[in-house]
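Visitor: I would like to go through this model with you, asking at each step what a term rests on.
Guide: Gladly; here is the structure to keep beside us.

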Amino acid sequence: VKTAHLEAVTIKENLKRGLNGDLRKECVHGHLYTPESVYTSRSGKRQCRICHKFSQQAYLARQVTV
């Protein structure tokens, strides 16, 4: 770790930067993050509703064939 890269900030500022500092505009699959297409999971992470829907459909399809 290079100490020149470190910056002393308050806990509040650190949390703010961690949660909101580098917000992506889209999910890893390219779906835009809009208020309608995003929800917050139980763990506090933003989740894409479209990807979640496809994931759930694939999961249910696997359960039927098992």
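Guide: Helices here are DSSP runs of H or I with at least four residues, and strands are runs of E with at least two. In this predicted model, the protein has 2 helices and 2 strands, which follow one another along the sequence as α-β-β-α.

Visitor: What makes Lys53 count as lying over the face of Phe54?
Guide: A charge sits over a ring if, among other conditions, NZ of Lys is within 6 Å of the ring centre; Lys53 lies at 5.6 Å from the ring centre of Phe54, over its face, and therefore the distance condition is met.

Visitor: How many aromatic pairs are there?
Guide: The count comes to 0 aromatic pairs, so no two ring centres met the limit of 6.5 Å under this rule.

Visitor: Which residues are in contact with Cys51, leaving aside its neighbours within four places in sequence?
Guide: Cys51, whose place is in helix α2 (residues 49-65), is in contact with Cys27, His29 and His31, and this is called contact because heavy atoms lie within 4.5 Å.

Visitor: Where in the protein is confidence lowest, and where is it highest?
Guide: Confidence is lowest in helix α1 (residues 11-20), at a mean of 72, and highest in α2, at 91, whereas the protein averages a pLDDT of 84. Where pLDDT is low, the predicted coordinates should not be read in detail.

Key:
Residues are numbered from 1 along each chain as its sequence is written. This is a predicted model: local features need pLDDT of at least 70, side-chain atom pairs count only at pLDDT 80 or more; totals for chains, interfaces and linings use all residues. Side-chain values use heavy atoms; hydrogens and water are left out. Rings of Phe, Tyr and Trp (its six-membered ring) pair if their centres lie within 6.5 Å; planes under 30 degrees apart count as stacked, over 60 as edge-to-face and the rest as tilted. A charge sits over a ring if NZ of Lys or CZ of Arg is within 6 Å of the ring centre and within 35 degrees of the ring normal. pLDDT is the predictor's confidence in each residue, from 0 to 100.
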